[in-house]
Amino acid sequence: MKIDVQLDRKTLQHALNQVSATPQQVDRATYSAIRKTLRWGVSQIARNVAKAHKIPQKVIAKGGSRRDAARV
């Protein structure tokens, strides 16, 4: 899976001008959006790997316990 995001400075500045937010709010929103996108990507990878290897997602996803891994 590959995710490619490209933003040019002009488009980003235009979007920022449309929103009446402080720079700190914009930074927080950007960080939040990146974090959510990464979390989604990790979940998709875990789903595909689990499906391909016919194992439970919780074994490979964050939060899987050693006890679960021992059962596989």
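This is a short talk on one predicted protein model, from its overall fold down to a single loop residue.

Let's start with the fold. The protein has four helices and zero strands. Along the sequence the pattern reads α-α-α-α. The chain holds 72 residues, and buried ones make up 10% of them. The accessible surface comes to about 6,900 Å². Carbon and sulfur atoms account for 55% of that surface.

Now helix H2. It covers residues 23-53, which is 31 residues. How far apart are its end C-alpha atoms, and what span should we expect at 1.5 Å a residue? The expected span is 45 Å, because the rule takes 1.5 Å times one less than the number of residues. The end C-alpha atoms of H2 are 45 Å apart, so the two values agree.

Which residues of H2 are buried? They are Val26, Ser32, Gly41, Gln44, Ala46 and Ala50. What do they pack against? Two other helices: H1, residues 9-18, and H3, residues 57-60. One reminder on helix geometry. An α-helix has 3.6 residues a turn, so residues three or four places apart point the same way.

Next, the surface. There is a nonpolar patch here, with about 970 Å² of accessible area together. Its members are Met1, Ile3, Val5, Leu7, Leu12, Leu16, Trp40, Ile45, Val49 and Ile60. Which elements give two or more residues to this patch? H1 and H2 do. H2 gives the most, with three residues. So H2 has two roles to keep in view on screen: it carries buried residues that pack against H1 and H3, and it contributes to the nonpolar patch.

Take Val49 as one patch member. Val49 lies in H2. Is it buried, exposed or in between? Its relative accessibility is 33%, and the partly exposed class runs between 20% and 50%, so Val49 counts as partly exposed.

Last stop: the residue after H2. H2 is followed by Lys54. Lys54 sits in the loop between H2 and H3. What is the sign of its phi? Positive, near 55°, in a residue other than glycine. For context, most residues other than glycine have a negative phi. And is Lys54 buried or exposed? At 75% relative accessibility it counts as exposed, because the cut-off for that class is over 50%.

To recap. We have four helices and zero strands. The end-to-end distance of H2 agrees with its expected span. The nonpolar patch draws on H2 for three residues. And Lys54, with its positive phi, follows H2.

Conventions: Residues numbered from 1 in each chain as written. Predicted model: local features only at pLDDT ≥ 70, side-chain atom pairs only at ≥ 80, totals over all residues. Heavy atoms only, no water. Buried < 20%, exposed > 50% of the residue type's maximum accessible area, 1.4 Å probe, protein only. Areas by Shrake-Rupley, 256 points an atom, 1.4 Å probe, with all protein chains shown as cover. Contact = heavy atoms within 4.5 Å. Patch = residues over 30% accessible without salt bridge, like charges linked within 9 Å, V, L, I, M, F, W, Y side chains within 5 Å. Salt bridge = Lys/Arg side-chain N within 4 Å of Asp/Glu carboxyl O.
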